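Got the viewer open? Let's take a walk through this model, one selection at a time.

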Protein chains: 2
Amino acid sequence: MARSIHVRRPATLASLAAELGVSRTTVSNAYNRPDQLSPELRRRVLETARRLGYPGPDPVARSLRTRKAGAVGLLLTENLSYAFRDPAALGFLEGLALACEGAGQGLHLVPVNPEREDVAAVHRAGVDGFVVYSVPDDDPHLAAVLSRPVPTVVADQPNVEGVDQVGIDDRAAITALAQQLIDLGHRRVGVLCMRLSRDRNDGFASQERQSTAHFHVQRARLNGLADSFGKAGVDWASVRVVERFDHTTASGASAAAQLLDADPQITALVCTSDILALGALTEARRRGLRVPQDLTVTGFDGIAEADRVGLTTVRQPVLEKGRAAGKLLLGAPDPTRPRQVILDTELVLGATSAPPRTSEERWFGP
Amino acid sequence: MARSIHVRRPATLASLAAELGVSRTTVSNAYNRPDQLSPELRRRVLETARRLGYPGPDPVARSLRTRKAGAVGLLLTENLSYAFRDPAALGFLEGLALACEGAGQGLHLVPVNPEREDVAAVHRAGVDGFVVYSVPDDDPHLAAVLSRPVPTVVADQPNVEGVDQVGIDDRAAITALAQQLIDLGHRRVGVLCMRLSRDRNDGFASQERQSTAHFHVQRARLNGLADSFGKAGVDWASVRVVERFDHTTASGASAAAQLLDADPQITALVCTSDILALGALTEARRRGLRVPQDLTVTGFDGIAEADRVGLTTVRQPVLEKGRAAGKLLLGAPDPTRPRQVILDTELVLGATSAPPRTSEERWFGP
DNA sequence: CTGAAAGCGCTAACAG
DNA sequence: CTGTTAGCGCTTTCAG
């Protein structure tokens, strides 16, 4: 297979028109409105274009003129590459890609380095709108996105006044899960959560930190747990919450270890994501704790791997979420008020939750 | 969190300059060359910008002027969303994203519908270059990409004269695998391969079809197998090759079934991808065939799941491939000749390959 | 340090 | 069906 040699951007629409002795409009029409000129002339235009190596209208110039870039920007809080590792993020991405595909829109992944606060990439992105996926409420990139005069949809977090949004009811979802654990009899629980703020804190999270978390998804889940267990007579101040900055199974494992070291009497580990829960399962196994007989472990998200191991968790429709975000962005906006899509979640009772063992059982076996 | 109301694209650089009573250059400099004006003036410019709701230089206009879009286009042969399901593609994507991130370039996923031959999206993409990932040599989107006056890198396939490329030595890789099987004693094998052309053919692939495949990766692997087994005295014309259009484990399972139905004496199933191999393993289990005692199964790629189940396969560095493609595209091109990166592969001897059973063993047990 | 001039390449009325 | 006229919003020499 050979490719034609091309000169450095030689021909333009204007030069083609000159060569043909027609106006630029006519050439433009040949590409954009075939019905506006005779087939014969169009053929001649296209043929001359080929001869001159004219690659067709320049997309950037066209975008400037039409004020349409034909692409949707996606802003993620993590490194781009992280999105390709986290199953939940991936599901979202797939849904969003589906929506873009359907509308013939490109998907422009904005290169963001969470370490540096380099907002320039947001300003440089030639897009018709942004989808922002799960970023902290004080994210400077988010601020940059909002400063651009294009429609924006936020997925999961944060809540931004006046901006379209798609997400789930985190509080309701976690409440159902908590109630289940309470009904099973768990009162002594430990919590593993994801990062609560942009600064790294791999360790216990104070109540202060919990309630001022910059990720409202995590905040809602923690508050929901606190309320549910509070009503069941558990003093939340006594419940240990361990935070991890990196969202990996290794984080889950080390957090579980930290929790179990601090209080071996814990009967249930509540994790705010499946990834963390999978890590917790690994750590339990390492310690010779049987799940669920000796320890209950729960997750959140409902990723495929969770399904496979029978994790008790809350399933949320991540693909649907991505698709909904895309549809919201690409559909006609409602000028009167921001739109909001709240998707359903489902409590999945797996094989990793059971009533706690009594103290006797703990020491003398079942 | 509140957001400021913004009017529909009210302020421009020019209007800002007018308001301030300075030239456009000065305003432009305030954004792009802070050292070119006094801090005081710059502060005034930025402050007025905020007051007027000027969001900063328009990215599209800037791109037109500077002839830089700040993004890399990615062309995939499948639906965008498919890429998020195939682990090998995902690894590539991650590597490419890493490279883009490092260079501060956006990654623009081109929306391609493989059903329709709509090439417009390629022409519309405002990008500085393209990475093309594993498409057939007659793909119209590829042709569209090549017609654009921007640098291009092809990953895996096809070979395009004069175009930078990154890939592996498929022939060498498959030859090592074939030799292993031959050494184990396999002579009666069946082959499962991915799509060989843009038209759907779920069934046996004739030798004609094998050697004229539009995906040279598949072609090279099949030809490599044919040569190796040919040298070992196997008449390739007698070897059944089953093709599947969709690249899923379900395809692998049904292809394995088709092969084993046609010839129950087959001792080894050679699959040109791990995904297909995983499906073949499922089908073998369903039939009560023990792997590797009753049947040898091999894959290609070295995805994580293959590792987990101990599949005998060829590992290729997919992430590295993506990164290499990005580096090639973003680095300085070599004007004298096309660059080519061939990455190393590694034969992974897993637990799914063993010597074939003798006929006696087959009927009377080991 | 600032401004004037000159487009980047294209599309969209509108009039012929 | 074709051409004329006007920019889209910005950057960049090059003088001052």
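Here is a tour with stops at the DNA, the place where the protein chains meet, and a sheet.

**Before you click**

This is a predicted model, in which local features need pLDDT of at least 70 and side-chain atom pairs count only at pLDDT 80 or more, while totals for chains, interfaces and linings use all residues. Residues are numbered from 1 along each chain as its sequence is written, chains are lettered from A and ligands numbered from 1 in the order in which they are written, and side-chain values use heavy atoms, with hydrogens and water left out.

**Stop 1: DNA strand D**

Select DNA strand D and show the residues near it, meaning those with a heavy atom within 4 Å of the strand. Which of the 30 residues around DNA strand D come nearest? They are Thr25(A), Arg65(A), Leu13(B), Tyr54(B) and Arg65(B). Of the strand D atoms within 4 Å of the protein, 59% are sugar or phosphate atoms, and the rest belong to bases.

Now look for polar contacts (pairs of N or O atoms within 3.5 Å; within protein, one must be able to donate a hydrogen and the other to accept it, and residues adjacent in sequence count only if both atoms are side-chain atoms). Pick the side chain of Thr26(A): one of its N or O atoms is 3.0 Å from a phosphate oxygen of strand D. Asn32(B) also uses a polar side-chain atom, 2.9 Å from a phosphate oxygen of strand D. At Asp35(A), a backbone N or O atom lies 3.3 Å from a phosphate oxygen of the strand.

Colour by helices (DSSP runs of H or I, at least four residues) and strands (DSSP runs of E, at least two), both numbered from the N terminus. The elements giving two or more residues to the surface near strand D are helices H2 (24–32) and H4 (59–66) of chain A, along with H2 (24–32) and H4 (59–66) of chain B. Try colouring by class too, with Ala, Val, Leu, Ile, Met, Phe, Trp, Tyr, Cys and Pro as nonpolar, Asp, Glu, Lys and Arg as charged, and the others, Gly among them, as polar. Near strand D you get eight nonpolar, twelve polar and ten charged residues.

**Stop 2: DNA strand C**

Switch to DNA strand C, which has 29 residues around it. Among those that come nearest are Leu13(A), Tyr54(A) and Thr25(B). Zoom in on Tyr54(A), where a side-chain N or O atom is 2.6 Å from a phosphate oxygen of strand C. For a contact with a base, go to Arg65(B): a polar side-chain atom there lies 3.1 Å from a base nitrogen of strand C. On this surface, H2 and H4 of chain A and H2 and H4 of chain B each turn up with two or more residues.

**Stop 3: where chain A meets chain B**

Hide the DNA and select both protein chains. How many residues of chain A are in contact with chain B? Counting heavy atoms within 4.5 Å as contact, 51 residues of chain A touch 51 residues of chain B. The chains bury about 4,800 Å² between them, 60% of it on carbon and sulfur atoms; buried area is the accessible area (1.4 Å probe) that two parts lose on being put together, summed over both.

Next, look for salt bridges (a side-chain nitrogen of Lys or Arg within 4 Å of a carboxyl oxygen of Asp or Glu). There are four between chain A and chain B, including Arg67(B) with Asp58(A), whose closest N and O atoms are 3.0 Å apart. The side of chain A that touches chain B has 27 nonpolar, twelve polar and twelve charged residues.

Select residues 106–109 in both chains: E2(A) and E2(B) pair in the antiparallel sense over three bridges, pairing being at least two DSSP bridges between strands. His108(A) has His108(B) as its bridge partner.

**Stop 4: a sheet in chain A**

Finish with the open five-strand sheet of chain A, ordered E7-E8-E6-E9-E10 with mixed pairing. E7 and E10 (296–298) are at the edges with a single partner strand each, so one side of each has no neighbour in the sheet.

Click Gly190(A): its bridge partner in E8(A) is Arg240(A), and in E9(A) it is Leu269(A). E6 (residues 189–193) runs parallel to E8 (residues 240–243) over four bridges, whereas E7 (residues 203–204) and E8 pair in the antiparallel sense over two.
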